[in-house]
Amino acid sequence: MRIHLAANHLGYELGRQLEEWLSQSGHETIWHGADFLDEGDDYPIFSARVGQAVIDDEDRGENVKGIVFGGDGSGEVIAVNKVKGARATFGHSAKQVELARREADADVLVIGAIHHDLATAKELIAAFLSTSFGDALEYARRIINVAEYETSGTIEGWLIEG
Amino acid sequence: MPKQRKISHLRYLALAMPNMQEESDFFTKFWGLTEVHREGEVVWLGTEGSPEPYQIRLRQGEKRIDLIGFGAASKEDVDALHAELVSKGVQIIHEPKNLAQFDGGYGFRCFDIDGRTIEVSTGFELKQSRKINEREPIPVKLSHVVINTNKLAATTQWYIDHLDFAISDTLTHPAMGEMMNFMRCNPAHHSIAIVQGPHHSLHHMSFEMRGIEEWMRGAGKILRAGRRMVWGPGRHNAGDNTFAYFIDPAGNTVEYTTELHNIEDEDSWHPSKFDITQVSNADQWGTANPMSEFVARESFNDVDKGLFVAPPV
């Protein structure tokens with residue numbers, strides 16, 4: 001699987017360790033963050049790059065995911081989800097990440113380095129990469145509804161017109 | 001056992017429009033078709049998942065349906081169907097012959113009761129195809145073509161009497177009567193459908209996706225391409241297929257669908273009449289916007305300017 005990765009300075013050390021772990025596990029990793037630890041660098045551009053790279057690859061039919069590392073991670077979730085089509089989830093527990101994959105087809109995982117050590121981060125990533133979308137009609141419908149709102153400002157065309 | 005008919009399947013839809021290149025760009029960059037051939041101002045586009053050489057043909061010109069192409073299993077079937085149509089007084093455009101399109105083949109063309117050009121062919125050159133991958137947001141094949149007519153009963157009966165189609169299901173309206181007939185020529189619940197409208201035109205063309213996930217991803221991609229979703233996402237009762245309808249750059253309606261019902265045993269199949277005013281009959285989920293007048297008006301499309309005029313190619 002191709003995995004797009006990035007981190008700001010708070011997630012840099014954890015992110016680089018996990019980049020290496022993913023590469024050794026046989027994944028193709030692409031790093032979108034700084035080339036070195038850059039104290040004080042900001043998360044928005046890295047987060048958006050990962051989200052856009054994932055969507056571009058999805059549209060080409062690639063098997064792809066994104067992972068972003070931050071301090072808390074909340075800002076990164078918000079930033080990634082500004083990319084049209086991106087569905088980023090916050091990594092809280094392996095069970096929650098599985099649900100995010102199965103029901104919401106989350107395609108970017110955000111891990112907060114102040115919340116997780118290396119071992120638990122690996123558990124979150126393992127759940128993220130090994131869980132497939134549930135392929136159920138009701139999940140798909142809701143995801144298309146969100147995509148419609150994101151692109152046209154309505155859901156079902158007219159139901160939420162103001 | 002499925003009934004054997006002289007028409008084996010829906011092959012392709014040929015359209016003309018004044019913005020052919022824009023239309024072609026939409027289908028190749030976003031919809032997921034591949035350009036397989038081009039000659040002057042005509043382009044042939046195919047799905048990578050189907051051995052059919054192409055699924056749509058686009059021509060620069062005044063907007064119209066150029067033709068609806070059907071396949072036959074053999075030259076004998078082509079010849080026999082042609083002879084039947086001649087005996088029934090159908091207006092033939094050309095008799096069975098070797099066809100001039102790049103994929104070759106043998107076939108004839110005629111007008112249907114409303115003046116649409118119909119092509120029936122066999123022996124054309126198939127192309128290399130592949131299994132569409134999981135999550136790949138591109139169509140597998142052309143699923144069905146839906147046409148508007150201003151005389152539903154007569155047009156439907158023509159396709160039954162002349163091309164041996166059968167009605168799989170019907171949509172009705174309490175005040176307006178029968179509104180739409182789903183027609184089959186093989187086990188697929190419908191390869192064409194005929195809709196009562198104000199005039200003759202293309203209602204929509206529908207492409208089959210590999211599965212639910214691919215259908216979902218395709219719909220998201222088209223929304224991000226800036227196209228409007230006029231109806232969906234939902235699941236039809238008639239045909240049991242999922243739907244999401246969009247408007248393409250030529251103003252035609254195009255659909256991504258998946259899981260269209262197959263009728264394996266025609267003898268035990270009983271066509272249903274679904275009341276279109278009951279939302280759950282058009283959309284099993286009941287969550288897509290109701291089949292409103294606005295949605296219907298969108299699908300009326302422009303009047304077909306090609307009736308009883310054979311296309312130049």
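1. Arg135(B) lies in the loop that connects β8 (117-122) and β9 (141-149) of chain B; strands (E, at least two residues) and helices (H or I, at least four) are DSSP runs, numbered from the N terminus. Arg135(B) is not a glycine, yet its phi is positive, about 70°. Its 19 C-beta neighbours inside 10 Å make Arg135(B) count as partly exposed. The scale behind this class calls a residue buried if 20 or more other C-beta atoms lie within 10 Å of its own, exposed if 12 or fewer, and partly exposed in between, with C-beta atoms placed from the backbone.

2. On provenance, this is a predicted model, in which local features need pLDDT of at least 70 and side-chain atom pairs count only at pLDDT 80 or more, while totals for chains, interfaces and linings use all residues. Residues are numbered from 1 along each chain as its sequence is written, and chains are lettered from A and ligands numbered from 1 in the order in which they are written.

3. Further backbone details of chain B merit inspection. Phe308(B), a residue other than glycine, has a positive phi near 60°. Phe308(B) belongs to the segment after α6 (293-300) of chain B. Phe308(B) counts as exposed because it has 12 C-beta neighbours inside 10 Å. The peptide bond from Gly232(B) to Pro233(B) is cis, its omega being near -5°, and Pro233(B) is part of strand β14 (residues 229-235) of chain B.

4. Helix α1 (residues 20-31) of chain B contains the buried residues Glu23(B), Ser24(B), Phe26(B), Phe27(B), Phe30(B) and Trp31(B). The cover over the buried residues of α1(B) includes β1 (7-17), β3 (42-46), β4 (56-60), α4 (212-224) and β16 (253-258) of chain B. After α1(B) comes Gly32(B), with a positive phi near 105°.

5. As a whole, chain B has six helices and 17 strands. Its radius of gyration of 18 Å agrees with the value near 20 Å for a compact globule of 313 residues; the radius is taken over C-alpha atoms, and the globule rule is 2.2 Å times the number of residues to the power 0.38. Along the principal axes, the C-alpha atoms of chain B fill a box of roughly 50 × 40 × 40 Å. Of the 313 residues, 53% count as buried. Among contacts in chain B with a separation of 6 or more, 65% are between residues 24 or more positions apart; two residues are in contact if their C-beta atoms, placed from the backbone, lie within 7 Å.

6. Chain A holds an open sheet of five strands in the order β2-β1-β3-β5-β4, with parallel pairing; two strands pair if DSSP finds at least two bridges between them. β2 and β4 (88-90) of chain A are the edge strands, each pairing on one side only. Neighbouring strands of the sheet are turned by 25° against each other on average, direction ignored. For these angles, axes are lines fitted to C-alpha atoms, for helices over the stretch in contact, and angles between N-to-C directions run from 0 to 180 degrees.

7. At one edge, four bridges join strand β1 (residues 2-7) to the parallel strand β2 (residues 28-31) of chain A, and His4(A) stands opposite Ile30(A) in β2(A). Together with helix α1 (residues 12-24) of chain A, β1(A) and β2(A) make a right-handed β-α-β unit. Right-handed denotes a path from the first strand over the helix to the second that runs clockwise when the strands point away from the viewer.

8. At the other edge, β4(A) is joined by three bridges to strand β5 (residues 108-112) of chain A, and the two run parallel. Thr89(A) is placed opposite Leu109(A) in β5(A). Helix α5 (residues 118-130) of chain A packs on the sheet, where it touches β3 (64-70) and β5 of chain A; its direction makes about 170° with that of β5(A).

9. Gly51(A) lies in helix α2 of chain A and counts as buried, with 28 C-beta neighbours inside 10 Å. Leaving aside residues up to four places away in sequence, Gly51(A) touches Gly66(A), Val80(A), Val83(A), Ala86(A), Ala88(A) and Val108(A).

10. At the interface, 21 residues of chain A are in contact with 26 residues of chain B. On the side of chain A, the elements that give two or more residues are α2 (43-59) and α6 (137-152). α6(A) gives the most, with nine residues.
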